[in-house]
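Good morning, and thank you for joining this session. I would like to walk you through a structure that will be new to most of you.

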Amino acid sequence: MEPVIQVENLRRAFREGRAVIWAVNGVSLDIYPGEAVGLVGESGCGKTTTARCVLRLLEPTEGRVLFQGADMTRWGGKKLREQRRHFQMVFQDPNTSLNPRFTVRRTLAEPLRLHGLAQTGREMEERLHETVLRVNLEPRLLERYPHQLSGGQKQRVGIARAIITNPRFVALDEPTSSLDMSIRIQILSLLQRLQSEMNMAYLFISHDLSAVRFLCARVFVMYLGRVVEAGPADEIFDHPAHPYTQALLSAIPIPDPKLRRQRIILEGEPPSLFNLPPGCGFYDRCKARKASCRDNLPPFRDIGNGHFVACFE
Amino acid sequence: MVSETIAKPKGAQPSVRDSRAWRTWYILRSHPSMIVGILVLAVILFVTVAGPSLVPYKPLKPDPEARLLPPSAAHPMGTDAFGRDILSRVVNGARLDLFIAFSVVAIALGIGVAVGMFSGYYGGKVDDVVMRITDVILAFPSFILALAITAILGNSIPNVIIAIAIAYIPYFVRLTRGEVLSAKERDYTEAARCVGNPNWRIIYLHLLPNCLTPALVQATLCLGWAILDASGLAFLGLGIRPPTPEWGVLVSEGSRDIIGGQWWTSFFPGAVIVLTAFAFNLIGDSLRDVTSPTEAVQ
């Protein structure tokens with residue numbers, strides 16, 4: 001089966017004064033139709049930049065992004081706009097991702113109008129109702145402005161906007177991190193149901209590892225602009241191979257006070273992006289480091305069961 | 001598997017308090033200076049529209065019998081050196097002064113906001129050039145600049161309007177640009193692009209309504225300044241010439257009589273200029289307070 005999204009050696013540079021930093025430094029990943037893929041890593045490791053490059057909200061500096069086999073980095077403005085209905089995004093903070101001067105109706109109707117998906121007023125109305133009900137909102141909320149909605153309702157509107165064009169692929173940029181705990185689980189269940197109902201592929205960005213495990217079939221772990229480990233979610237969570245992933249997973253809280261677990265506390269900060277080490281980016285903080293890790297970049301190698309890791313161990 | 005619960009709509013039930021009228025009243029009640037400004041402006045607008053048919057004298061008709069009469073029941077603001085009734089001239093001048101003020105602001109607002117949106121949205125070299133041009137214009141006091149431009153363009157009402165408008169454009173450019181710079185970084189702009197909006201739709205449908213408020217407040221303040229500037233130019237003999245009844249012209253003509261003790265010929269037109277500018281400024285200042293983020297009624 002052909003992947004719906006294929007990222008090949010993606011790099012993205014930002015200019016900071018005279019210096020150039022590589023926020024994303026050679027990421028490759030593939031997402032198959034109907035598959036939920038998690039992208040985890042600490043703040044600033046390039047998760048969001050990766051997603052924005054995949055959707056061409058940012059232009060990649062190097063590398064290719066293929067959508068259903070077609071190189072979308074070559075698309076011109078018009079072609080890109082027409083194709084946008086097939087790949088959408090749900091943003092982190094619903095308080096800023098909805099236009100404060102648009103009613104819910106206007107926010108949701110816009111993508112349909114832009115892509116000519118509702119020819120008549122009746123068709124438009126049906127589509128709006130269907131989508132709003134699909135994300136568990138009452139149709140009367142269509143007439144509300146964002147400031148008249150709760151945080152959870154706003155995020156449902158954000159999700160409705162993303163799915164109303166029946167996309168093949170949706171990038172979810174920490175869609176639950178600005179919501180409180182009780183709403184989080186509702187939104188996650190909603191996302192899970194929508195995915196199976198509509199057969200969409202997800203790129204789910206999060207540092208909530210339990211959420212990733214709940215939703216995703218495969219996981220990519222990023223550190224310092226690179227993918228350090230990838231594989232099926234169960235493999236990664238039960239047998240993490242990269243020392244960074246091990247540290248990350250040990251930070252998941254266990255809801256049982258009697259159980260104790262060895263926490264791996266990382267020391268120090270990730271290296272500055274202004275001054276990248278030549279070898280493994282995790283060298284300074286790694287408990288299993290060897291002398292050779294310092295100057296050599298570990299290759300991404302297959303350790304079986306579809307599990308890949310960028311570590312010499 | 002976690003069962004999914006249906007989110008019930010909560011909070012924010014529409015009520016009387018959400019209505020536009022109620023919110024307007026709420027804002028007004030806590031800003032008495034805005035009420036004063038609006039009342040004064042209402043009187044001025046009424047006089048502008050209905051006044052010329054209410055006053056008993058023609059603004060341009062001299063009366064040799066009634067030269068330089070002090071204020072009285074027959075001539076509430078007195079008469080000038082040609083025996084013309086000052087009140088009639090002031091009332092007839094309102095139309096011209098308000099026309100100039102509104103034209104100036106319409107032009108400056110339209111061009112300034114359009115340039116500011118464009119410059120802020122696209123950034124880069126275009127933005128650099130636009131900003132340097134506004135720097136140059138802002139380096140001169142707006143009145144001096146308007147003076148120079150009128151002197152170059154020549155004396156006519158359209159030229160006065162153009163000159164003052166040019167001097168005001170940079171304020172609108174800068175305000176709008178600043179708003180766009182922050183609004184375009186917000187997620188809703190990115191979301192608008194993500195659903196397939198072309199740039200022009202993002203600028204005019206998504207960003208403009210969210211960036212217009214400061215410019216509208218500025219526009220109200222500029223209405224007051226424009227009246228001061230237009231009558232200032234006329235006072236100096238630029239732009240509008242006597243015997244046209246215009247407030248600046250009236251002050252200028254009357255200033256000759258002050259030495260002779262006939263204070264009323266320039267006092268009353270001057271007072272009306274001040275009052276009008278004051279009314280616009282009261283409204284503008286209150287609008288600025290009301291629309292500031294700390295007092296957002298949303």
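**Sheets, helices and a contact**

Let me begin in chain A, where strand β9, residues 218-223, is joined by six bridges to strand β10, residues 226-232, and the two run antiparallel. Within this pairing, Met222(A) stands opposite Val227(A) of β10(A). Please bear in mind throughout that we are looking at a predicted model.

These two strands belong to a wider arrangement. They sit in an open sheet of eight strands in chain A, with the order β6-β7-β8-β3-β9-β10-β12-β11 and mixed pairing. Which strands form the edges of this sheet? They are β6(A), residues 87-90, and β11(A), residues 301-302, each of which pairs on one side only.

Chain A also contains an open sheet of four strands, in the order β2-β1-β4-β5, and here the pairing is antiparallel. Its edges are held by β2(A), residues 19-31, and β5(A), residues 70-71; each has a single partner strand, so one side of each is left without a neighbour in the sheet. Strand β1(A), residues 5-16, pairs with β2(A) in the antiparallel sense over 10 bridges. As an example of residues facing one another across strands, Arg11(A) stands opposite Asn25(A) in β2(A).

I now turn to helix α1 of chain A, residues 47-54. In the eight-stranded sheet, α1(A) lies across β3 (36-40), β7 (169-173), β8 (201-205) and β9 of chain A, and runs at about 150° to β8(A). In the four-stranded sheet, α1(A) lies across β1, β2 and β4 (62-67) of chain A, running at about 115° to β1(A). Helix α1(A) therefore lies across strands of β1, β2 and β4 as well as β3, β7, β8 and β9 in chain A.

Let us move to chain B. How many helices and strands does chain B have? There are 11 helices and zero strands. As for overall form, a compact globule of 298 residues would have a radius of gyration near 19 Å, but chain B has 24 Å. Along the principal axes, the C-alpha atoms of chain B fill a box of roughly 100 × 50 × 25 Å. Of the 298 residues in chain B, 43% count as buried. Among the contacts of chain B between residues at least 6 apart in sequence, 69% join residues at least 24 apart.

One helix pair in chain B deserves a closer look. Helix α5(B), residues 142-153, packs with helix α6(B), residues 157-183, at an angle of about 145°, and their axes are 8 Å apart. The passage of α5(B) over α6(B) is a right-handed crossing. On the α5(B) side, the residues that meet α6(B) include Leu145(B), Ala146(B) and Ile149(B), while those on the α6(B) side include Val160(B), Ala163(B) and Ala167(B). By class, this contact has 11 nonpolar, three polar and no charged residues.

Finally, I come to the contact of the two chains, which takes 24 residues from chain B and 36 residues from chain A. On the side of chain B that touches chain A, α7 (187-194) and α8 (199-211) of chain B each supply at least two residues. Which element gives the most to that side? It is α7(B), with six residues. The residues of that side divide into 11 nonpolar, seven polar and six charged.

Methods:
Residues are numbered from 1 along each chain as its sequence is written. Chains are lettered from A and ligands numbered from 1 in the order in which they are written. This is a predicted model: local features need pLDDT of at least 70, side-chain atom pairs count only at pLDDT 80 or more; totals for chains, interfaces and linings use all residues. Two residues are in contact if their C-beta atoms, placed from the backbone, lie within 7 Å. Ala, Val, Leu, Ile, Met, Phe, Trp, Tyr, Cys and Pro count as nonpolar, Asp, Glu, Lys and Arg as charged, and the others, Gly among them, as polar. Two strands pair if DSSP finds at least two bridges between them. Axes are lines fitted to C-alpha atoms, for helices over the stretch in contact, and angles run from 0 to 180 degrees between N-to-C directions. The radius of gyration is taken over C-alpha atoms; the globule rule is 2.2 Å times the number of residues to the power 0.38. A residue is buried if 20 or more other C-beta atoms lie within 10 Å of its own, exposed if 12 or fewer, and partly exposed in between; C-beta atoms are placed from the backbone. A crossing is left-handed if the near helix is turned anticlockwise from the far one by less than a right angle, and right-handed if clockwise.
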